Amino acid sequence: RDPCDPARPALGVATAAPGRIHLLLERWPSADAVVVPHLGGTLRARLGATALRVTAGPDGLHLRGLPASPPHPGPVEIVLSGRPRIDERARAAAELPVQTPGLLGAVVLDAASARCSAPSGVPLQHLKRLPDGRSSIGFFFAPGVAVEWSARLPRAGRWRVLARLARPATGEQAAFALRVGRHRLAGETVPTASWDDPAEIDLGTVALPKGPLAVRLVPERLARAWFADVHGVVLVPA
């Protein structure tokens, strides 16, 4: 992200390979630095043949020494190598808030109250805050990344489960699994008008006990190498 432009923090996307993270900057930062949130460890960074300075901060790794302008038109790649890890301070700060029923008894699990985890140990997804106060999580380019929530139900009963996903595409759709307590529900994305306009995908009704509840959404099949933006999950008392 851009440390000096809070209105437009996202600079591009990231992909991971064993021992490496590739940052693809689709927009050039407004300063000579890029921040990789919540990342720690001893890493090296290079832009082409140029080595960048890597320092740890409370918000992640800071990569400094970028030129004033991009070296060429189009996306610019920065390669991080070494042993990346999640910063433990960020992990402690990212404890899942417990969601409880709100208006009309529904439990709304939005993107801002979620946490992502990845098989590599380093999730590369980004939280997007929309102008109207909503939020979504995007940049899913590999299956297996999980979006997780924690809730607490005041009573046992049956709940209708809705996944709120946005994917502006036609043709083949991506697939996902949603685990709600001990129930595993499967679904597919549907075309939407834009990344910011989710569809509510009805996954059916399940019986849930009173008390704490874990909810976990995992993309299982991508379509055209991408999934969808996750806007949340809604549990509605049936």
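This section describes the nonpolar cores of a predicted model and the surroundings of two residues, Val-54 and Gln-173. Residues are numbered from 1 along each chain as its sequence is written. In this predicted model, local features require pLDDT of at least 70 and side-chain atom pairs pLDDT 80 or more, while totals for chains, interfaces and linings use all residues; side-chain values use heavy atoms, without hydrogens and water.

The largest nonpolar core comprises 34 residues, a nonpolar core being a set of buried Ala, Val, Leu, Ile, Met, Phe, Trp, Tyr and Cys residues joined through side-chain atoms within 4.5 Å. Within this core, Val-161, Leu-165, Val-180, Leu-217, Phe-227 and Val-233 touch the most other members. Two or more residues each are contributed by strands S11, S15, S16, S17, S19, S20 and S21 (strands are DSSP runs of E, at least two residues, numbered from the N terminus). A second, separate core of 19 residues includes Leu-39, Leu-63, Leu-66 and Val-76.

Gln-173 lies in the loop between strand S16 (157-166) and strand S17 (175-180). Its relative accessible area is 9%, and Gln-173 is therefore buried (under 20%; exposed is over 50% and partly exposed in between, with a 1.4 Å probe and protein chains only). The side chains of Gln-173 and Thr-189 form a polar contact of 3.0 Å (N or O atoms within 3.5 Å, one able to donate a hydrogen and the other to accept it; residues adjacent in sequence count only if both atoms are side-chain atoms).

Val-54, in strand S6 (residues 50-57), is partly exposed at 26% relative accessibility. Beyond four places in sequence, the contacts of Val-54 (heavy atoms within 4.5 Å) include Leu-43, Leu-61 and Leu-63.

How values were computed
Helices (H or I, at least four residues) and strands (E, at least two) are DSSP runs, numbered from the N terminus.
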